[in-house]
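Subject: A structure for you to look through

Hi,

Here is the structure I promised to pass on. Please open it beside this message, and I will walk you through what turned up.

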Amino acid sequence: MRWAELANGKREAPEPLEGNITAAVAAGTGIWALLFLGQLPFYGWYAEHGHEWWIWSCLVGTGLGLFGLWYAKRHGPASTSAEPQAPSPGPDSTTESGADGSDGSGGD
């Protein structure tokens with residue numbers, strides 16, 4: 001297949017993958033955290049050889065993974081729901097009979 005055939009827009013996009021996004025982000029975050037903790041005892045060796053950035057890269061990966069977990073939990077289910085939910089009435093909503101309980105006719 002040639003590049004022109006891929007880039008001309010005639011191919012359909014594949015369906016998005018379904019899966020547990022939170023579990024995938026948690027697994028990646030755990031790997032970064034384990035790498036950070038595993039390299040921390042060897043900080044001296046890394047510093048001597050100019051590779052201490054490896055340790056800090058693992059720490060940044062862990063931090064970004066924690067942000068990703070927060071984001072996936074907050075925005076994940078809302079973006080995947082097929083049917084929007086109706087908004088709930090607020091505390092200042094009124095009924096048909098009016099806010100004061102009368103039927104609105106003005107008579108007693």
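Before you start, please keep in mind that this is a predicted model.

My main interest was the aromatic rings. A pair of aromatic rings is described by the distance of the centres and the angle of the planes. The structure holds six aromatic pairs, and two of them are worth a closer look.

Begin with Y43 and W56. Their ring centres are 6.1 Å apart and the planes meet at 65°, so this pair counts as edge-to-face, because the angle is over 60 degrees. The pair links distant parts of the chain: Y43 belongs to helix α3 (residues 43-48), W56 to helix α4 (residues 52-80), and 13 residues separate them. Are these two residues buried or exposed? Y43 has a relative accessible area of 34%, so it is partly exposed. W56 is partly exposed too, with a value of 40%. The label fits because partly exposed covers what lies between buried, under 20%, and exposed, over 50%.

Now follow helix α4 to F67 and W70. Here the ring centres are 5.6 Å apart and the planes are at 35°, so the pair is tilted. Both residues lie in helix α4, three residues apart, which is about one turn of the helix. F67 is partly exposed, with a relative accessible area of 48%, and W70 is partly exposed at 44%.

W70 has something else to show you. Which residue is 45 residues away from W70 in sequence but 9.8 Å away in space? That residue is V25, with the distance taken from C-alpha to C-alpha.

There is also a group of aromatic residues to find: W45, Y46, W53 and W54 form one aromatic cluster. Try colouring these four side chains to see how they sit together.

Finally, have a look at the surface. I31, W32 and L35 make up a nonpolar patch there, and together they have about 280 Å² of accessible area. W32, one of these residues, is found in helix α2 (residues 21-39). With a relative accessibility of 36%, W32 counts as partly exposed.

Have fun exploring, and write back with any questions!

Best wishes

Definitions and conventions
Residues numbered from 1 in each chain as written. Predicted model: local features only at pLDDT ≥ 70, side-chain atom pairs only at ≥ 80, totals over all residues. Heavy atoms only, no water. Phe/Tyr/Trp six-rings, centres within 6.5 Å; stacked < 30°, edge-to-face > 60°. Helix = DSSP H or I, 4+ residues; strand = E, 2+ residues; numbered from the N terminus. Buried < 20%, exposed > 50% of the residue type's maximum accessible area, 1.4 Å probe, protein only. Patch = residues over 30% accessible without salt bridge, like charges linked within 9 Å, V, L, I, M, F, W, Y side chains within 5 Å. Areas by Shrake-Rupley, 256 points an atom, 1.4 Å probe, with all protein chains shown as cover. Salt bridge = Lys/Arg side-chain N within 4 Å of Asp/Glu carboxyl O.
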